[in-house]
Amino acid sequence: MAHDAENGSPRTFGQRVRRERERKGQTRPVLAGLVGRSTEWVKAIENDRLGMPRLPLLLRLAEALGVDDLASLTGDERLAAATYTKAAHPALLRVKEALTTYDLLSHDDEPQPAAALATRVQNAWQAWHGFGDHRTRVANVLPALLADLQYAARAHEGAERRRVQVYLAQAYHLAQLYLSFQPAPELVMLTGDRSMTMAQDADSPRAIAASAWYLNHVFRDAGERHEARVELAMKSIQLLDPNRGTEDIALGGLLHLATALSYAKVGQKGNADRHWDRADESAKRLGDGYAHPWLMFGRSMVDAYAITMNNDLVRGGAAVDAATHIDLGTMQSATRRSFHIIETARAYSLQGENVAVVHLLKKAYETSPETARFNLFARGAAGELAEAGSAIIRDDARGLARQLGVAA
C-alpha cells in the first residue's frame, strides 16, 4: 500500500478506506453489504478506480467502518460543497411552495375538463424533453398546472375525475424529475408517493406502472432495500397485459429496466442481465422506430441503460463497449441524450480515460445545459479534473467547471 513519505499514512481516499476496513477486521463483502453496494464497488473504491462518493454515501461508509471523524477517510481532501452537494435551481422555492400549499377553500370557478388538462401536461412533457433549459421551462408552468389539476381532481366526479387523476400523476412525475439532483430529498419522496396515490385512486394499471418506474428511482437514491424495489416493479408488471397494445408492452419493458438497475446497484449481475434481456425483448417487439411519448421507452433507451447498468456493476469495459454500439442521436429527448452521454463519461472514468471524460461532459452540456449543470457526476468530475487533471485537459476541464457552476 502506498503511503505518505513523511508520516507513513495512506495517500488516497481508497487507501484510507482499505486501512479502516482492515483495522475493523471486515472483508470486502461484509462492508459492501453494510453500505448497500457490491463487493466490486468496494474493491474499485479501494483501488481508486472510483473516486470519493458524495456525502450521503460517504457518511454511510464512515458509519459502517466505525469512523467518527470523516477526516480519517478524506484526509486533506476537501468536500467542496459545489462539487459534492446538490445545486439549487433558482425556481426551487417556487416549486416547493406549489407542492406544499393546500387550497382548502371552495371555488365557484368551473374546473378545466380533462382533455384541456391533458394537452397542458403533454406540452409540459415536451418542454422537459426539448432542447435548452428544460428545468426552467417546466418550473415556469408547473405551479399553475399542479394547482389546476388538483382543483379539477377535487371538483370532477366519476370517469372524468379518474382521467384528471392520471394526468395529475404525470404532473407529479414531472415535479419529481425537476427535483432530482436538487437539495430537496423530502420533496422527491413526496412527489413519488403522491403520484402513486393518484394512480391508485384513478384505478389505472398504466398510471400505476409509470409511478412504479419513478418510485424505483426514489427508492434507489434513498438506499431502500433492492428487494422492495424489485417487488414493487414485479407487482406492477402483473397489472399490465401486453395483448392490450404498445402502451402495456412499453411499461412492462420499463419496469424490467427498473428491476435490472436495482439488481445492478447491489452487484447481482445475473439478475440484472436477465431483466435487461426482458426489457430488450419489449423494445424488439415495439420496433426500432418506437419511443413512448413521455417516458421515452424504446430501442435507444434500453441500449443506453446498459451503460448505466454496467457502470453500477463497476464493469467499465463493458459499459464503454455498450456505449460504442448505440447512437444516442436517435433518442427523441435532449434531456435523456445528455444524461446518457454523462453516463458514457462515467464509463470512461472507470477506465481512467479522462480525455474522453472531459470531451463527453462538454458534449452533454451542449446537448442539455441544465442536465449537466445539475448532475452530480458531471459536477464532481469537472471539479476534480480542473484541479488535478493532466495538463492536456486541465484548461478544458476548468472551462467546463465554470459552465457547471463548480468552483475550480
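Which helix supplies the largest share of the lining of the second largest pocket? Select α10 to see the answer: four residues of the lining come from this helix, the largest share. The model on screen is predicted.

**Stop 1: the second largest pocket**

Keep α10 in view and add the other helices around this pocket. α7 (92-100), α9 (134-155), α10 (158-179) and α11 (185-201) each contribute at least two residues to the lining. The volume of the second largest pocket is about 290 Å³. To centre the view, pick Tyr102, Gln150, Arg154, Leu168 and Tyr172, which are the closest to the pocket centre among the 16 lining residues. Colouring the lining by class gives eight nonpolar, four polar and four charged residues.

**Stop 2: helix α15**

Select residues 269-286, which make up helix α15. A distance between the end C-alpha atoms comes to 26 Å, in agreement with the 26 Å expected for 18 residues at 1.5 Å a residue.

Next, show the side chains of Ala272, His275, Trp276, Ala279, Asp280, Ser282, Ala283 and Leu286, the buried residues of α15. They cover an arc of only 160 degrees around the axis, so they sit on the same side of α15. An α-helix has 3.6 residues a turn, so residues three or four places apart point the same way. Turn the view to the other side of α15, where Gly270, Lys284 and Arg285 are exposed. Then step past the end of the helix: α15 is followed by Gly287, with a positive phi near 95 degrees.

**Stop 3: aromatic pairs**

How many aromatic pairs does a search of the whole structure find? The search finds three.

Begin with Trp125 and Trp294, a tilted pair with 4.9 Å centre to centre and 35 degrees between the planes. This pair links distant parts of the chain: Trp125 belongs to helix α8 (residues 114-129), while Trp294 is in the loop between α15 and α16 (299-312), 169 residues apart. Are these two residues, Trp125 and Trp294, buried or exposed? Both Trp125 and Trp294 are buried.

Move on to Tyr305 and Phe339. Their ring centres are 6.3 Å apart and their planes are at 50 degrees, so this pair is tilted. Tyr305 is in helix α16 and Phe339 in helix α18 (residues 334-350), so that the pair links distant parts of the chain, 34 residues apart. Tyr305 counts as buried because its relative accessibility is 4%, and Phe339 counts as buried at 18%, with the cut-off for buried being under 20%. Add Trp213 to the selection: ring pairs link Trp213, Tyr305 and Phe339 into a cluster.

**Stop 4: two residues and their distances**

Select Thr371 in helix α20 (residues 369-373). Thr371 counts as buried, with 10% relative accessibility. Now add Arg135 and draw a line between the two C-alpha atoms: Thr371 and Arg135 are 236 residues apart along the chain, and 8.3 Å separates these atoms.

Finish with Leu400, in helix α22 (residues 391-403). Leu400 is buried, with a relative accessible area of 2%. Add Glu160 and draw the C-alpha to C-alpha line: Leu400 and Glu160 are 49 Å apart in space and 240 residues apart in sequence.

Notes
Residues numbered from 1 in each chain as written. Predicted model: local features only at pLDDT ≥ 70, side-chain atom pairs only at ≥ 80, totals over all residues. Heavy atoms only, no water. 1 Å grid on protein atoms, 1.4 Å probe; cavity = no way out; pocket = protein on both sides within 12 Å on 5 of 7 lines; lining within 4 Å. Points joined across faces, edges and corners; volume = space filled by probe spheres on them. Nonpolar A, V, L, I, M, F, W, Y, C, P; charged D, E, K, R; others polar. Expected span 1.5 Å × (residues − 1). Buried < 20%, exposed > 50% of the residue type's maximum accessible area, 1.4 Å probe, protein only. Arc of directions from axis to C-beta. Phe/Tyr/Trp six-rings, centres within 6.5 Å; stacked < 30°, edge-to-face > 60°.
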